[in-house]
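Student: Could you take me through one part of this model up close, starting with its charged side chains? I'd like to see how that part fits in with what surrounds it.

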Amino acid sequence: MNRQRACVSLAAATVVLACAAMPTGAEAQARAVDGKHARVEVIAAADAPDPAGALWLGVRFTMEPGWHIYWVNPGDSGGPPTALWHLPPGVAADGFLWPAPERIPLGPLVNYGYKGDVVLPVALRVPAAARGQAITGSVDLRWLICKDICIPDRATLAFALPLPAAERHRLAAWRQQIADARAAVPTPAPRGWKTSVTSTRDALVVAIATDRTMGGATFFPIDEGVIDESAPQRVDVKGTAITFTLQKSVHLLTLPARLRGVVVLASGEAFEVSGAVADATRGSLSSRE
């Protein structure tokens with residue numbers, strides 16, 4: 001199936017860019033904006049950085065029913081949100097953290113992303129010299145929001161910490177929303193898990209020996225263009241072992257050295273896995289997480 005990239009520039013862009021040395025965005029007017037089919041806002045988990053200098057913010061998308069935005073690998077179409085931060089000198093922004101996505105069928109396509117209400121957490125790194133001082137900044141956001149059509153949107157949002165008095169009552173709820181989003185970010189697979197990937201003519205077979213029983217799971221490839229996202233995933237569970245049979249993308253010309261992905265269990269737990277890819281005619285390799 002031809003991949004239908006609705007917004008090539010977004011898909012190709014670095015997910016989050018930091019511009020710590022630039023002055024605070026003078027054109028930023030608001031912390032929140034009502035965009036096309038979504039309200040988008042910058043929220044904060046605290047008024048000041050923690051003892052290690054981390055200050056957690058979040059970009060929250062509240063979407064109208066039926067609309068969605070994209071995970072870091074968007075699947076068959078689309079592209080993830082991007083951000084360019086304008087921060088005081090010495091303050092830097094990490095990249096977005098990406099909560100576990102869901103499969104979103106869209107006609108013959110399958111996208112990976114989020115519906116409803118989602119927060120993308122991001123940590124600011126505040127140097128010791130700047131702690132105890134007010135922090136103001138802004139972020140240039142671009143995103144693609146889709147339903148039966150896809151619409152690019154953008155906004156420049158501002159924030160100021162400590163929060164203005166009129167917004168201080170929101171802090172507890174924002175702290176919880178950011179904490180929930182961070183808890184939904186996939187974690188590295190437990191040390192005892194063992195992942196192997198075997199390439200057959202048409203499929204990549206991902207076998208994972210885990211430390212728990214599970215009712216089922218879904219595999220999300222981190223890298224684009226490796227599997228056919230719209231093809232059904234065959235999932236076989238035997239005891240604590242789970243095997244995914246994933247149809248290869250027609251655009252896959254060269255096998256990757258490793259297959260990276262996220263496994264989302266039926267329980268909602270999500271883990272990052274990675275395994276060396278072995279051609280079936282050459283025998284299987286395996287790797288310990």
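Tutor: Sure! The structure holds 14 salt bridges, where a salt bridge means a side-chain nitrogen of Lys or Arg within 4 Å of a carboxyl oxygen of Asp or Glu. Before we zoom in, keep in mind that this is a predicted model, where local features need pLDDT of at least 70, side-chain atom pairs count only at pLDDT 80 or more, and totals for chains, interfaces and linings use all residues. Residues are numbered from 1 along each chain as its sequence is written, and side-chain values use heavy atoms, leaving out hydrogens and water.

Let's settle on Glu 41 and Arg 60. These two form a salt bridge, with their closest N and O atoms 3.2 Å apart. The pair ties together distant parts of the chain: Glu 41 belongs to strand β3 and Arg 60 to strand β4, 19 residues apart. (Strands are DSSP runs of E with at least two residues, helices are runs of H or I with at least four, and both are numbered from the N terminus.)

Are these two charged residues buried or exposed? Glu 41 counts as buried, at 6% relative accessibility, and Arg 60 is buried too, with a relative accessible area of 17%. Here buried means under 20% relative accessible area, exposed means over 50%, and partly exposed is in between, using a 1.4 Å probe and protein chains only. Both residues also belong to a network of salt bridges that links Arg 31, Glu 41, Arg 60, Asp 117, Glu 167 and Arg 170.

For contrast, try Asp 202 and Arg 201, whose salt bridge also has its closest N and O atoms 3.2 Å apart. Asp 202 is partly exposed at 44%, while Arg 201 is exposed at 74%.

Now back to β3 and β4. Together with β10 (117-125), β3 (38-44) and β4 (54-63) are among what covers the buried residues of helix α2; contact here means heavy atoms within 4.5 Å. Which residues of α2 are buried? They are Leu 171, Trp 174, Ile 178 and Ala 181. Looking down the axis of α2, you'd find them within an arc of 90°, so they line one face of the helix; that arc is taken from the directions from the helix axis to the C-beta atoms. The face turned away from the buried side carries the exposed residues Ala 172 and Ala 183. The helix length checks out as well: at 1.5 Å a residue, the 13 residues of α2 (171-183) should span 18 Å, and the end C-alpha atoms are indeed 18 Å apart. (The expected span is 1.5 Å times one less than the number of residues.)

Strand β4 also takes part in ring packing. There are eight aromatic pairs in the structure, meaning rings of Phe, Tyr and Trp (its six-membered ring) with centres within 6.5 Å; planes under 30 degrees apart are stacked, over 60 edge-to-face, and the rest tilted. One of these pairs is Phe 61 with Trp 143, edge-to-face, 5.6 Å centre to centre with 75° between the planes. This pair joins distant parts of the chain, with Phe 61 in β4 and Trp 143 in strand β11 (residues 135-146), 82 residues apart. Phe 61 counts as buried, at 1% relative accessibility, and Trp 143 is buried at 1%.
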